[in-house]
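The report that follows goes through a protein model with its bound ions, from the overall fold to individual sites. Please keep the sequence and the coordinates at hand while reading.

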Amino acid sequence: MDNKAIANILYETADLLEIDGQDSFRIRSYRNAAQAIENHSQQIKEIISEPKQVLAIAGIGKGMLQNLQELFKDGQLAVQKQLLEKYHPSMLQLLKIQGLGPKTIALIWSAYKVSDVDGVEKLAQEGKIRILPRMGEKHEAKLLKAIADYRRISGRFLIDAAETEAEKLTAYLEKCPGIDKVTPAGSLRRGRESVGDLDILVTGKACASEQGRQKAIAYAAQYPPLMDVIASGDNKISFHVRSGMQVDVRLLPPESFGAAMQYFTGSKAHNVALRQRALKMGYTLNEYSLATLEGEKPVAGKTEEEIYAKLKLDCIPPEMRENLGEIDLAEKHALPRLIEQKDIQGDVHMHTVETDGKNTIEEMARAAKARGYKYMAITDHSKNLAFANGLDDKRAVEHIARIREAGKRIEGITMFAGIEVDILADGELDLSDDVLAQMDLVIASIHTLFDQDQTERLLKAIENPNTSIIGHPTGRIQLRRDSYRLDMHAILAAATKHKVAMELNAYPDRLDLNDVHLRQAKQAGVKIVINTDSHHTSHLEKMRYGVLQARRAWLTKDDVLNTLPAQKFAKAMKHAW
Ligand code: DGT
Ligand code: CA
Ligand code: CA
Ligand code: ZN
């Protein structure tokens, strides 16, 4: 259980206590502890056995320490469990609806004893919400819209959330006797930016007999975060976990594991194309094996590699399996050598306590160095972002001096002084040319006025000779806010002309440019920089989601500037590549 997971449980418990009408002091103690843990740089799991260290965290007292100890011992909190039993686990889903807080949920519960999304929607449709105290027609209409929005996005989860769920469930299933391999397949394995449901494949000798499978399925049904079973069969169980995510667990005998990996990794389009190829070659392909058409004699099934090999194909990386021409390339032994995490030499978009980051220059530098990077850049916000305490010219110059000074002190990593400067309404940059020219690199980003078409603004920013990179170029926040309007072709053409790089923001809720845009960029000859946009040392590891996205777009090392050595990279930031 990492700090984020602990914080989530504490936040949820606080919400449930509020629904239950408990005293505000107690509720606040849970929220404060959640916030402290979320922002704590050290993992609680590493210090839980040393109470003094846990108590040293501001916002955590003796009572909360006991809660944390219980959480690590039992995997859950008794108080939370009791409250979920008293109301219903579906309460947690209601809390995820925008604008529907614990107070309103408590009100609805006390009047109608309803605690699920469908039920609340029905009440609103029947005009039964508006008649509650402090509510009205406006509230009711807003609630209906919020439920519709929730439905639209709640079907999907961000890749990091899906990965965390998959890791927890995998660790649990691996402990089942007779199971020796548990692997996620589906869209998660293909590295998609969001995931609909989890597909978990399980194999081992337990999967070879009916009795063994029954035991394994019964074991899976005991998974503590399981909320409700959707379906359960001889070799499959589907259920929801507490986050609302659906999980499909499938049991396969070892001789079919490769065929199942291939089939359930997908995509569907890739599978259809592959099956057609198999048929042409006199085979049939399904989730159990590749077999001869005549006599149905299996010729491959244990591993994916042998299936692709029998079909006379190089093994295709999961991120490429979308039927976009990858099968032709595999046949010609011409698959690209996709970029890998180890190719990344530096991370050049991150914030510090000087604006809205949580760590100092020094802490960020040491964390980047610990990841093995050769270089990094500090790029705090500019003054237009007032709520983030953005830098004006004077503070920016002082900050550059501090970054350069830290760079001298910290050996083994090159530190670039940069800025994430706001692109203003008219496309001008938020700091003076003279200050921007002193930077090693300048990331220009849009953070305001999302409703208008951004093409002119971005073109103007690209033409500014100080701009090195356009940050998170579409402005989308996945599952919350769509991209602003922009003419991507025009922007990419200008970026090529002015040798301005485009960012692939690796932070899981951004991940823009997306795969389609990245392919367009490559075609237009635009170079990419993959950055985490870290606001905390713990965010630096999000780099791998950016790398996955780049792989989905078939990018190689040569397409990405922060695979270059430091000196060459520095030149590229001044339009020389
Ligand atoms: P998701 O869950 O929406 O993020 O996307 P996937 O790709 O994980 O899709 P899912 O969970 O419906 O199915 C997992 C894989 O199973 C899918 O990628 C390919 C395979 N599959 C599912 N349905 C079919 C089908 O009708 N035909 C074929 N050939 N494969 C299928
Ligand atoms: Ca899936
Ligand atoms: Ca599925
Ligand atoms: Zn930004």
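## Terms and overall fold

A residue is called buried when its relative accessible area is under 20%, exposed when it is over 50%, and partly exposed in between. By that rule Asp199, at 11% relative accessibility, counts as buried. The model discussed here is predicted, and local features are reported where pLDDT is at least 70.

The protein chain contains 25 helices and 17 strands. Its radius of gyration is 26 Å, close to the 25 Å that the globule rule gives for 577 residues, so the chain is as compact as a globular protein of that length. Taken along the principal axes, the C-alpha atoms fill a box of roughly 75 × 70 × 55 Å.

Buried residues account for 53% of the 577 residues in the chain. Of the contacts between residues at least 6 apart in sequence, 67% join residues that are at least 24 apart. The surface that the protein chain exposes comes to about 25900 Å², and carbon and sulfur atoms supply 51% of it.

## The two calcium ions

The calcium ion (ligand 2) and the calcium ion (ligand 3) lie 3.7 Å apart, with Asp197 coordinating both. For the calcium ion (ligand 2), the protein donors listed are Asp197 through O and OD, together with Asp199 through OD, at 2.2 to 2.5 Å. The six donor atoms around this ion subtend angles of 68 to 166°, which makes the arrangement irregular. Water is not among the atoms, so sites may look incomplete.

The calcium ion (ligand 3) is coordinated by Asp197, which appears twice with OD, and by the OD atoms of Asp199 and Asp248, at distances of 2.3 to 2.7 Å. In sequence, the donor residues of the calcium ion (ligand 3) follow the spacing D-x1-D-x48-D. Distant parts of the chain are linked in this way, as Asp199 belongs to strand 4 (residues 197-203) and Asp248 to strand 7 (residues 246-252), 49 residues apart. Both Asp199 and Asp248 are buried, whereas Asp197, at 22% relative accessibility, counts as partly exposed.

## The zinc ion

Which residues supply the protein donors of the zinc ion (ligand 4)? They are Glu420 through OE, His447 through NE2 and His472 through NE2, lying 2.1 to 2.3 Å from the ion. Their spacing in sequence is E-x26-H-x24-H.

Here, too, distant parts of the chain are linked: Glu420 sits in strand 13 (residues 414-422), while His472 sits in the loop between strand 15 (469-470) and helix 22 (488-498), 52 residues apart. Glu420 is buried, with a relative accessible area of 0%, and His472 is likewise buried, with a relative accessible area of 1%.

## Cysteines without a disulfide

A disulfide is a covalent bond between the sulfur atoms of two cysteines. A search of the whole structure finds zero disulfides. Why is Cys176 not bonded to Cys207? The sulfur of Cys207 is the closest cysteine sulfur to that of Cys176, but the separation is 8.3 Å, too far for a bond, given that a disulfide needs the two sulfur atoms to lie within 2.5 Å.

From the side of Cys207 the result is equivalent, as its nearest cysteine sulfur is that of Cys176, 8.3 Å away, and Cys207 is in no disulfide. Cys176 is buried, with a relative accessible area of 5%, and Cys207 is buried as well, with a relative accessible area of 1%.

## Backbone features in loops

The peptide bond from Gly266 to Ser267 is cis, with omega near -5°, and Ser267 is placed in the loop between helix 14 (257-265) and helix 15 (268-280). A cis peptide bond is also found from Asp512 to Leu513, with omega near 5°; Leu513 lies in the loop between strand 16 (501-505) and helix 23 (515-524).

Lys312 has a positive phi of about 55° although it is not a glycine, and this residue lies in the loop between helix 16 (304-310) and helix 17 (326-331). Asn323, found in the loop between helix 16 and helix 17, is not a glycine either and has a positive phi of about 55°. At 58% relative accessibility Lys312 counts as exposed, whereas Asn323, at 36%, counts as partly exposed.

How values were computed: Residues numbered from 1 in each chain as written. Chains lettered and ligands numbered in written order. Predicted model: local features only at pLDDT ≥ 70, side-chain atom pairs only at ≥ 80, totals over all residues. Heavy atoms only, no water. Donors = N, O, S within 2.8 Å, 3.2 Å for Na, K, Ca; no water. Helix = DSSP H or I, 4+ residues; strand = E, 2+ residues; numbered from the N terminus. Buried < 20%, exposed > 50% of the residue type's maximum accessible area, 1.4 Å probe, protein only. Rg over C-alpha atoms; globule rule 2.2 N^0.38 Å. Contact = heavy atoms within 4.5 Å. Areas by Shrake-Rupley, 256 points an atom, 1.4 Å probe, with all protein chains shown as cover. Tetrahedral: all angles 85-135°; square planar, octahedral: opposite > 155°, others 65-115°.
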